[in-house]
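Thanks for making time this morning. I would like to walk you through one model, and I will ask you to keep the structure open while I talk.

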Amino acid sequence: QVQLVESGGGLVQTGGSLRLSCVASGKIFSINHISWDRQAPGSQREFVAGFTTSGVTKYSDSVKGRFTISSDAAKKTVYLQMNDLKPEDTGVYYCDTFLYGPSGRVDYWGQGTQVTVSS
């Protein structure tokens with residue numbers, strides 16, 4: 001079984017920074033299969049940052065240049081450094097991953113960490 005635990009959220013003013021952490025436990029396929037999503041109030045969950053299969057980072061257009069995803073495979077931890085935060089970055093941030101089992105792909109999410117950016 002896979003468990004993901006996010007931390008690092010909080011309340012910050014516009015232009016501020018936060019660093020989120022996602023610690024994985026259990027059997028994960030690859031640290032590169034852990035990505036960050038977010039969900040704003042009243043909106044659908046959206047992709048924020050992750051890795052390609054070759055380990056290259058990728059970002060949504062809305063955070064490109066401001067957010068940086070990184071990983072520490074030895075610690076099974078993925079980070080999301082968020083700089084120059086804007087009110088539209090407010091939401092619950094989740095890390096997620098997936099495994100392939102006998103029944104196909106199984107997705108896992110953490111409990112999320114709240115990020116609130118005040119204007």
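D84 sits in the loop between β8 and β9, and its phi is near 50°, a positive value in a residue other than glycine. Please keep in mind that this is a predicted model, and that the angle, like every value I will quote, is computed from it. With a relative accessible area of 41%, D84 is partly exposed. K76 gives us another case, since its phi is positive at about 50° although K76 is not a glycine. You will find K76 in the loop between β7 and β8, where K76 is partly exposed, with a relative accessible area of 29%.

Let me turn to the strands themselves. In which order do the 4 strands of the open sheet stand? The order is β1-β3-β8-β7, and the pairing is antiparallel. β1, residues 3–7, and β7, residues 67–72, are at the edges with a single partner strand each, so one side of each has no neighbour in the sheet. On average, and ignoring direction, neighbouring strands of this sheet are turned by 15° against each other. Within the sheet, β3, covering residues 18–25, runs antiparallel to β8, covering residues 77–82, and 6 bridges join them. If you want a place to look, S21 stands opposite Y79 in β8. As a reminder of the background, strands of a sheet pair through backbone hydrogen bonds, either parallel or antiparallel.

Now to β4, β5 and β6. Strand β4, residues 35–39, pairs with strand β5, residues 46–51, in the antiparallel sense over 3 bridges, and R38 stands opposite E46 in β5. The hairpin of β4 and β5 has 6 residues between the strands, and there G42 takes a positive phi near 75°. On to the next pairing, where β5 is joined by 3 bridges to strand β6, residues 57–59, and the two run antiparallel. A49 stands opposite Y59 in β6, and the hairpin formed by β5 and β6 has 5 residues between them, with G55 in the turn showing a positive phi of about 90°.

I mentioned R38 and E46 as facing each other across two strands, and they also bring us to the charged side chains. How many salt bridges does the count come to? The count comes to 5, and I will go through three of the pairs. E46 forms a salt bridge with R38, in which the closest N and O atoms are 2.7 Å apart. E46 is partly exposed, with a relative accessible area of 35%, whereas R38, at 5% relative accessibility, counts as buried. R38 also meets D89 in a salt bridge of 2.9 Å, N to O. Because D89 lies in the loop between β8 and β9 while R38 lies in strand β4, this pair ties together parts that are 51 residues apart in sequence. D89 in turn meets R66 in a salt bridge of 2.8 Å, N to O. R66 lies in the loop between β6 and β7, so the pair of D89 and R66 ties together parts that are 23 residues apart in sequence. D89 is buried, as is R66, and taken as a group R38, E46, R66 and D89 are linked in a network of salt bridges.

Next, the nonpolar interior. Which members of the largest nonpolar core touch the most other members? This core has 28 residues, and the ones in question are I34, W36, L80, M82 and Y93. At least two residues each come from β3, β5, β7, β8, β9 (91–101) and β11 (113–118), and β3 gives the most, with 4 residues. Leaving aside residues up to four places away in sequence, Y93 touches a list that includes L20, W36, V48, F67, L80, M82 and V115, and also R38, which we have just met in the salt-bridge network. As a general point, in soluble globular proteins, nonpolar side chains tend to be buried together.

I will finish with T97, which is found in strand β9. Is T97 buried or exposed? At 2% relative accessibility, T97 counts as buried. The side chain of T97 reaches the backbone oxygen of H33 at 3.0 Å, and, again not counting residues up to four places away in sequence, T97 touches V2, L4, H33, I34, V106, D107 and Y108.

How values were computed. Residues are numbered from 1 along each chain as its sequence is written. This is a predicted model: local features need pLDDT of at least 70, side-chain atom pairs count only at pLDDT 80 or more; totals for chains, interfaces and linings use all residues. Side-chain values use heavy atoms; hydrogens and water are left out. Two strands pair if DSSP finds at least two bridges between them. Axes are lines fitted to C-alpha atoms, for helices over the stretch in contact, and angles run from 0 to 180 degrees between N-to-C directions. A nonpolar core is a set of buried Ala, Val, Leu, Ile, Met, Phe, Trp, Tyr and Cys residues joined through side-chain atoms within 4.5 Å. Buried means under 20% relative accessible area, exposed over 50%, partly exposed in between (1.4 Å probe, protein chains only). Contact means heavy atoms within 4.5 Å. A salt bridge is a side-chain nitrogen of Lys or Arg within 4 Å of a carboxyl oxygen of Asp or Glu. A polar contact is a pair of N or O atoms within 3.5 Å; within protein, one must be able to donate a hydrogen and the other to accept it, and residues adjacent in sequence count only if both atoms are side-chain atoms.
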